[in-house]
Amino acid sequence: MKQQRGLGRGLNALLSDELVSAANDKEEIIKIVDINEIEPNFGQPRKNFDEEELKELSSSILEHGILQPLIVREKNNKYEIVAGERRYRAARMAKITEVPVIIKSFTEQQTLEIAVVENVQRSDLNAMELACAYSLLMERFDLTQEQVADKVGKSRASVANIMRLLNLTTYVQEKLRTDEITFGHARALLALKDNKVQKQVTDLINEKSLSVRETERYIQALLNNKKEKKPEEKVKTNPFYRELQETLQKALGTKVVISKGAKKGKIEIEYYSDEELSRIIELISMN
């Protein structure tokens with residue numbers, strides 16, 4: 001009886017003005033379906049689901065029903081989840097046999113975009129999952145970083161910074177994916193170009209429970225020990241260079257470092273892909 005009461009409340013949620021309006025759309029169908037007719041989307045960017053959170057959601061579903069229908073599309077005589085995999089998993093855990101769904105006609109690209117956006121908006125994806133999701137969008141559908149940024153509601157710089165994580169070794173990426181290190185740790189590790197050293201420092205982070213700041217200081221010390229040349233004058237000591245540096249960063253949309261040695265200076269412009277390099281060169285050429 002408890003299960004039926006939950007389903008009834010979930011069904012009542014379908015009668016909201018928003019969903020009734022959606023039902024009038026010829027490309028949308030609202031119905032209750034057998035949970036065994038539903039399949040997860042294997043392209044779903046989120047791979048890790050917290051067991052305790054699922055148990056809590058499962059208890060809520062038993063008590064109140066599924067208040068927000070799953071969004072699905074028809075595929076191979078079944079329904080593939082577009083949005084709502086947490087609810088699906090929690091419903092199975094609660095042994096719910098039928099669930100409310102909205103059936104829509106989505107392309108492969110739309111399905112992936114919605115899955116990414118749903119997770120981004122709820123902050124459910126960790127940084128590594130997000131990087132892989134952005135990369136998948138770009139590779140499968142030939143999108144630029146800027147187009148991905150527009151679709152997920154983020155800045156291009158934010159997307160570029162996340163995608164830099166793909167430059168880490170597979171070992172480090174997995175540690176980030178499983179939350180054994182944080183995004184801050186991973187960003188610090190990007191400064192290490194030697195794969196072996198990346199692994200060693202990653203293990204040290206876990207062994208010593210290093211904070212992000214401690215990790216940054218440790219990595220900086222490693223890099224400084226490798227430098228034999230005289231350090232160049234820091235830009236921050238010269239207001240003129242600092243102002244020029246900030247102007248260039250705003251114009252190019254990426255990090256710029258201006259440094260001055262005893263006899264010569266240099267300008268360093270960071271880029272994270274061939275596409276971004278082309279964009280920077282185009283901006284410079286226009287000026």
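Buried here means under 20% relative accessible area, exposed means over 50%, and partly exposed is in between (1.4 Å probe, protein chains only). The model is predicted, so local features need pLDDT of at least 70 and side-chain atom pairs count only at pLDDT 80 or more, while totals for chains, interfaces and linings use all residues. Residues are numbered from 1 along each chain as its sequence is written, and side-chain values use heavy atoms, with hydrogens and water left out.

**Exercise 1. Salt bridges within a helix**

Take Arg 213 and Glu 216: what joins their side chains, and is Arg 213 buried or exposed?

Solution.
- Step 1: The two side chains meet in a salt bridge, 2.8 Å from N to O. The term covers a side-chain nitrogen of Lys or Arg within 4 Å of a carboxyl oxygen of Asp or Glu.
- Step 2: Both residues sit in helix 12 (residues 212-226), 3 residues apart, so about one helical turn separates them. Helices (H or I, at least four residues) and strands (E, at least two) are DSSP runs, numbered from the N terminus.
- Step 3: Arg 213 has 54% relative accessibility, so it counts as exposed. Glu 216, at 32%, is partly exposed.
- Step 4: Now try another pair, Glu 52 and Lys 55, whose closest N and O atoms are 3.8 Å apart in a salt bridge. They lie in helix 3 (residues 51-64), again 3 residues apart, about one turn of the helix.
- Step 5: Glu 52 is partly exposed at 49%, and Lys 55 is partly exposed at 42%.

**Exercise 2. A salt-bridge network**

Which residues are linked with Lys 75 in a network of salt bridges?

Solution.
- Step 1: Start with the pair Lys 75 and Glu 80, a salt bridge with its closest N and O atoms 3.4 Å apart.
- Step 2: Bring in Arg 73, and you have the network of Arg 73, Lys 75 and Glu 80.
- Step 3: Check the accessibility of the pair: Lys 75 is partly exposed at 30%, whereas Glu 80 is buried at 8%.
- Step 4: For the overall tally, the structure holds 8 salt bridges.

**Exercise 3. Walking across the sheet**

What is the strand order of the open sheet, and which strands are at the edges?

Solution.
- Step 1: The open sheet has 5 strands in the order 1-5-3-4-2, with mixed pairing. Strand 1 and strand 2 (38-39) are the edge strands, each pairing on one side only. Two strands pair if DSSP finds at least two bridges between them.
- Step 2: Strand 1 (residues 28-34) runs antiparallel to strand 5, with 7 bridges joining them. Ile 30 stands opposite Ile 102 of strand 5.
- Step 3: On to strand 3 (residues 70-75), which is parallel to strand 5 and joined to it by 3 bridges. Here Leu 70 stands opposite Val 101 in strand 5.
- Step 4: Strand 3 also meets strand 4 (residues 78-83), antiparallel this time, through 5 bridges. Tyr 79 in strand 4 is the bridge partner of Glu 74.
- Step 5: Look at how covered strand 5 (residues 98-104) is: 6 of its 7 residues are buried.

**Exercise 4. Two helices and their packing**

Which strands does helix 4 lie across, and which residues of helix 8 are buried?

Solution.
- Step 1: Helix 4 lies across strand 2, strand 3, strand 4 and strand 5, at about 125 degrees to strand 4. Axes are lines fitted to C-alpha atoms, for helices over the stretch in contact, and angles run from 0 to 180 degrees between N-to-C directions.
- Step 2: Among the buried residues of helix 4 (residues 85-93) are Arg 86, Tyr 88 and Ala 91. Just after that helix, Lys 95 takes a positive phi of about 65 degrees.
- Step 3: In helix 8 (residues 156-163), Arg 156, Val 159, Ala 160, Ile 162 and Met 163 are buried. They span an arc of only 165 degrees around the axis, so they sit on the same side of helix 8. The arc is that of the directions from the helix axis to the C-beta atoms.
- Step 4: These buried residues pack against helix 6 (127-141), helix 7, helix 10 (183-189) and helix 14 (274-286). Contact means heavy atoms within 4.5 Å.
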